[in-house]
Amino acid sequence: MVKICCIGAGYVGGPTMAVIALKCPSIEVVVVDIWEPRIAAWNSDQLPIYEPGLYEVVKECRGRNLFFSKDVEKHVAEADIVFVSVNTPTKTQGLGAGKAADLTYWESAARTIADVSKSDKIVVEKSTVPVKTAEAIEKILTHNSKGIKFQILSNPEFLAEGTAIGDLFQPDRVLIGGRETPEGQKAIQALKAVYAHWVPEDRILTTNLWSAELSKLAANAFLAQRISSVNAMSALCEATGADVAEVSYAVGKDTRIGPKFLNASVGFGGSCFQKDILNLVYICECNGLPEVAEYWKQVIKINDYQKSRFVNRVVSSMFNTVSQKKIAVLGFAFKKDTGDTRETPAIDVCQGLLGDKALLSIYDPQVQKEHIQRDLIMKKFDWDHPLHLQPKSGSAAVEQVTVTSDAYEATKEAHGVCILTEWDEFRTLDYKKIYDNMQKPAFVFDGRNVVNADKLREIGFIVYSIGKPLDAWLKDMPAVA
Ligand SMILES: NC(=O)C1=CN([C@@H]2O[C@H](COP(=O)(O)OP(=O)(O)OC[C@H]3O[C@@H](n4cnc5c(N)ncnc54)[C@H](O)[C@@H]3O)[C@@H](O)[C@H]2O)C=CC1
Ligand SMILES: O=C(O)[C@H]1O[C@H](OP(=O)(O)OP(=O)(O)OC[C@H]2O[C@@H](n3ccc(=O)[nH]c3=O)[C@H](O)[C@@H]2O)[C@H](O)[C@@H](O)[C@@H]1O
């Protein structure tokens with residue numbers, strides 16, 4: 001029986017391995033992690049991450065051919081194929097700080113593999129890494145190998161949170177990069193055989209190592225660039241009276257452009273877009289390509305602009321101050337159907353409002369109070385280290401922040417409501433009830449374009465929707481940013 005071991009039981013390692021185990025009953029899959037409570041949660045009914053459909057998959061194969069263990073060394077030693085799916089945060093100190101990927105966790109995983117291996121192995125980069133990481137990993141492995149042979153493959157993951165199970169069941173493509181030697185090609189075929197259990201052959205792409213590594217960074221950069229492009233248009237729409245939804249629809253109808261990923265928003269979040277683009281920027285700079293670096297940097301700059309533009313819109317609409325005003329924040333996760341808050345635009349928006357002394361009342365269906373408080377005091381980039389290894393950024397909770405267990409409580413007696421995540425339940429709230437319980441004038445700032453603005457205006461709200469024609473009230477307020 002082929003044995004797979006995956007180092008890193010996170011948002012990628014957990015779901016990816018669960019689906020491999022489900023689709024390949026003849027393969028034993030063990031997911032290992034140094035973070036013991038996370039492994040305990042994977043072995044319980046309360047999985048450590050919220051992902052629709054994941055529990056059903058785990059339940060079907062856990063204990064059959066899917067296992068979660070803290071015994072990293074044992075399972076790495078026994079495996080034929082070792083996936084590495086550990087954190088690759090942005091460096092906060094030293095060379096490349098604020099841009100380059102921090103490969104501490106990757107290097108430590110590679111050293112563990114070298115230390116404990118007693119048989120030849122295929123080592124698969126599942127984490128998103130800088131181009132040429134495989135070369136560094138090869139060096140660590142071969143210099144410590146005691147005669148054991150390792151083949152390194154790059155097999156980046158393209159799943160999105162909230163839709164991970166569907167993405168894994170029916171991927172647009174699976175990408176496998178390897179060395180162009182006979183041994184490298186043999187390793188590619190071995191991994192291809194795993195995916196071929198359920199992925200059609202024409203969707204399994206094989207390339208050289210560097211193309212696979214770079215394709216992952218490129219794909220995230222292209223996706224994020226679409227969002228920054230439409231968000232840049234949203235500012236122009238507000239200035240001109242165009243409607244960004246109509247513009248996106250018209251633009252996306254061009255089959256060369258396509259309709260997906262053109263929703264204007266308060267900004268993109270998530271653990272990877274910013275981190276991977278910064279990494280791309282750093283690689284360009286290191287390769288003497290400052291113009292290319294500058295081009296991609298702009299995607300991040302527009303994203304930051306969009307978040308601060310939103311905060312400025314809130315403050316300027318409310319008589320240029322939110323000091324001591326209660327602002328309800330609906331949604332804190334970086335997108336719907338996940339409890340993940342890594343790089344969520346809500347952090348920057350909340351910090352911006354707190355900077356103007358607002359009193360925030362936050363509600364998110366999947367994010368707990370402690371988590372929100374922790375995020376609001378955490379230093380930039382600290383969030384991407386495993387929770388148990390995160391540097392302590394600060395001490396006391398933010399006093400002006402309360403976290404509630406439903407949207408009605410959050411909005412009670414508020415002056416304004418900011419919708420920052422597109423949870424379905426925010427579309428169908430009783431906005432008349434919310435209006436009746438708020439201070440007047442009552443404002444809604446919809447950072448995700450989920451509410452029916454006309455209906456809310458009929459109720460009496462002053463409504464701001466990203467990239468939509470402005471209310472007369474908002475038009476008269478000072479311009480943004
Ligand atoms: N979150 C996502 O949707 C996607 C993430 N990725 C990439 O996948 C990688 C992992 O991301 P996530 O799963 O979100 O991270 P995560 O933070 O959820 O999980 C990483 C896990 O690795 C463990 N770990 C770190 N060092 C270890 C070591 N030496 N030995 C054993 N365990 C170790 C940590 O304790 C943690 O549980 C990153 O490179 C990310 O860029 C790629 C595609 C999608
Ligand atoms: O490497 C990764 O981590 C992953 O990053 C993204 O997945 P994810 O961050 O989970 O979620 P997305 O659906 O891409 O959304 C990212 C952010 O963009 C925002 N977004 C998305 C689409 C859109 O049209 N507008 C928009 O503002 C979302 O609200 C969210 O904040 C990519 O979609 C995945 O392919 C990739 O594997």
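**Exercise 1. Determine whether Val29 is buried or exposed, and describe its surroundings.**

*Solution.* Step 1: apply the burial criterion. A residue is buried if 20 or more other C-beta atoms lie within 10 Å of its own, exposed if 12 or fewer, and partly exposed in between, with C-beta atoms placed from the backbone. Val29 has 28 C-beta neighbours inside 10 Å and therefore counts as buried.

Step 2: place the residue. Val29 belongs to strand β2 (residues 28–32); helices (H or I, at least four residues) and strands (E, at least two) are DSSP runs, numbered from the N terminus.

Step 3: list the contacts. Two residues are in contact if their C-beta atoms, placed from the backbone, lie within 7 Å. Neighbours within four places in sequence left aside, Val29 is in contact with Ile4, Met17, Ile20, Ala21, Asn65 and Leu66.

Step 4: add a distance. Pro130 is 101 residues from Val29 along the chain, and 27 Å separate their C-alpha atoms.

The structure is a predicted model, in which local features need pLDDT of at least 70, side-chain atom pairs count only at pLDDT 80 or more, and totals for chains, interfaces and linings use all residues. Residues are numbered from 1 along each chain as its sequence is written, while chains are lettered from A and ligands numbered from 1 in the order in which they are written.

**Exercise 2. State the confidence scores of the model.**

*Solution.* Step 1: consider the residue scores. pLDDT is the predictor's confidence in each residue, from 0 to 100. The protein averages 94, and 96% of the residues score at least 70.

Step 2: consider the scores of the whole model. The ipTM is 0.98 and the pTM is 0.95.

**Exercise 3. Describe the two domains and how they touch.**

*Solution.* Step 1: take the bounds, which come from an automatic or database domain assignment. Domain 1 spans 3–199 and domain 2 spans 242–475.

Step 2: the centres of domain 1 and domain 2, taken over C-alpha atoms, are 32 Å apart.

Step 3: at the contact between them, 18 residues of domain 1 meet 21 residues of domain 2. The side of domain 1 that touches domain 2 comprises nine nonpolar, six polar and three charged residues. Here Ala, Val, Leu, Ile, Met, Phe, Trp, Tyr, Cys and Pro count as nonpolar, Asp, Glu, Lys and Arg as charged, and the others, Gly among them, as polar.

**Exercise 4. Establish where ligand 1 lies with respect to the domains, and characterise its shell.**

*Solution.* Step 1: a residue is near a molecule if its C-beta atom, placed from the backbone, lies within 6 Å of it. Ligand 1 is surrounded by 27 residues, of which Gly8, Gly10, Tyr11, Ser127 and Pro386 are the closest.

Step 2: the shell around ligand 1 divides into 13 nonpolar, ten polar and four charged residues. Its largest share, three residues, is supplied by helix α5 (residues 104–116).

Step 3: domain 1 and domain 2 both give residues to the shell around ligand 1, so the ligand lies between them.

**Exercise 5. Repeat the analysis for ligand 2.**

*Solution.* Step 1: there are 21 residues around ligand 2, and Asn263, Ser265, Phe268, Gly270 and Cys272 come nearest.

Step 2: eleven nonpolar, seven polar and three charged residues form the shell around ligand 2. Helix α9 (residues 209–240) provides the largest share, three residues.

Step 3: because domain 1 and domain 2 both give residues to the shell around ligand 2, this ligand lies between them.

**Exercise 6. Identify the buried residues of helix α14 and what they pack against.**

*Solution.* Step 1: the buried residues of α14 (residues 369–377) are Ile372, Asp375 and Leu376.

Step 2: these cover an arc of only 95 degrees around the axis, so they lie on the same side of α14; the arc is that of the directions from the helix axis to the C-beta atoms.

Step 3: the buried residues of α14 pack against α13 (345–355), β10 (359–363) and β11 (401–403).

**Exercise 7. Examine the backbone at Phe319 and Asn449, and classify each residue as buried or exposed.**

*Solution.* Step 1: Phe319, in the loop between α12 (290–317) and β9 (326–330), has a positive phi of about 65 degrees although it is not a glycine. With 11 C-beta neighbours inside 10 Å, Phe319 counts as exposed.

Step 2: Asn449, in the loop between β13 and α17 (453–459), is not a glycine either, yet has a positive phi of about 50 degrees. With 20 C-beta neighbours inside 10 Å, Asn449 counts as buried.
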